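Here is the note you asked for, written as numbered points for someone opening this entry without earlier acquaintance. Please read it with the model on screen.

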Amino acid sequence: MARERRVRVRRVYDPPEGTDGSRVLVDRLWPRGLSKEKAALDEWCKDAAPSPELRKWYGHDPERFEEFSRRYRAELDDAAHADAVAHLRQLAARGPLTLLTATGQWEISAAAVLHDALRG
């Protein structure tokens with residue numbers, strides 16, 4: 001199975017699917033109103049999330065997504081994120097990996113940027 005198909009992004013509020021594989025929350029903050037049981041996570045990988053400063057700067061503004069993506073990719077290369085990214089790559093190498101995020105627009109989220117970084 002190609003790596004592209006091994007890593008996908010879903011909303012953490014959606015019910016788990018049998019094809020999810022490892023379910024990893026990649027947001028820095030816990031999703032509002034969601035119990036740990038209902039989230040059905042295998043892990044919470046906060047260290048893969050953007051820095052609080054970058055997350056606040058972005059504010060999920062679609063007009064800032066391109067610059068956010070550039071800045072976040074740069075963060076993914078720094079020491080603070082390296083172990084988390086390496087761990088996610090290992091999970092993807094072992095089987096399907098689903099990156100979970102609470103955002104409603106996951107296509108312009110940190111999880112989408114992380115997904116692309118893991119594919120490359």
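## Notes on the model

1. A good place to begin is Ala111, which counts as buried because its relative accessibility is 2%, below the 20% under which a residue is called buried. Ala111 belongs to helix H6, and, leaving aside residues up to four places away in sequence, Ala111 touches Val9, Val26, Leu99 and Thr101. The C-alpha atoms of Ala111 and Val24 are separated by 10 Å, although the two residues are 87 residues apart along the chain.

2. Before going further, the reader should keep in mind that this is a predicted model. The mean pLDDT of the protein is 93, and 96% of its residues reach 70 or more. Among the elements, strand S2 (residues 22-25) has the highest mean pLDDT, at 98, whereas helix H1 (residues 3-6) has the lowest, at 58, and I would ask that this helix be read with that value in view.

3. Next comes the interior. The largest nonpolar core has 26 residues, and those with the most contacts inside it are Phe68, Tyr72, Leu88, Leu97, Leu99, Leu114 and Leu118. At least two residues of this core are supplied by each of strand S1 (7-11), helix H3 (52-58), helix H4 (65-76), helix H5 (79-94), strand S4 (97-101) and helix H6 (110-119). Helix H6 gives the largest share of this core, namely six residues. Apart from this core lies another one, of six residues, and Leu25, Leu34, Leu100 and Ala102 are among them.

4. Which residues does Leu99 touch, once residues up to four places away in sequence are not counted? The contacts of Leu99 are with Val7, Arg8, Val9, Arg10, Val24, Val26, Leu88, Ala111, Leu114, His115 and Leu118, and Leu99 is itself one of the residues with the most contacts inside the largest nonpolar core.

5. Helix H6 also holds Arg119, which, at 37% relative accessibility, counts as partly exposed. Arg119 and Leu97 are 22 residues apart in sequence, and their C-alpha atoms are 11 Å apart in space.

6. The largest pocket deserves its own point. Its volume is about 500 Å³, and of the 22 residues that line it, the closest to its centre are Asp27, Leu29, Arg55, His60 and Thr103. The elements that give two or more residues to the lining are H3 and H6, and the largest share, three residues, comes from H3. By character, the lining of this pocket divides into 12 nonpolar, five polar and five charged residues.

7. His60, one of the residues closest to the centre of the largest pocket, lies in the loop between H3 and H4. Phi of His60 is near 60°, which is a positive value in a residue other than glycine. Is His60 buried or partly exposed? His60 counts as partly exposed, because its relative accessibility is 25%, a value between the limits of 20% and 50%.

8. A positive phi is also found at Ala40, again a residue other than glycine, where the angle is near 50°. Ala40 lies in the loop between helix H2 (36-39) and strand S3 (43-44), and, with a relative accessible area of 29%, Ala40 is partly exposed. I suggest that the reader look at Ala40 and His60 together when checking the backbone.

Note on methods
Residues are numbered from 1 along each chain as its sequence is written. This is a predicted model: local features need pLDDT of at least 70, side-chain atom pairs count only at pLDDT 80 or more; totals for chains, interfaces and linings use all residues. Side-chain values use heavy atoms; hydrogens and water are left out. A nonpolar core is a set of buried Ala, Val, Leu, Ile, Met, Phe, Trp, Tyr and Cys residues joined through side-chain atoms within 4.5 Å. Buried means under 20% relative accessible area, exposed over 50%, partly exposed in between (1.4 Å probe, protein chains only). Helices (H or I, at least four residues) and strands (E, at least two) are DSSP runs, numbered from the N terminus. Contact means heavy atoms within 4.5 Å. pLDDT is the predictor's confidence in each residue, from 0 to 100. On a 1 Å grid over the protein atoms alone, a cavity is a set of points where a 1.4 Å probe fits but cannot get out, and a pocket is an open set with protein on both sides within 12 Å along at least five of seven lines; lining residues have an atom within 4 Å of a point. Grid points are joined across faces, edges and corners, and a volume is the space filled by probe spheres set on the points. Ala, Val, Leu, Ile, Met, Phe, Trp, Tyr, Cys and Pro count as nonpolar, Asp, Glu, Lys and Arg as charged, and the others, Gly among them, as polar.
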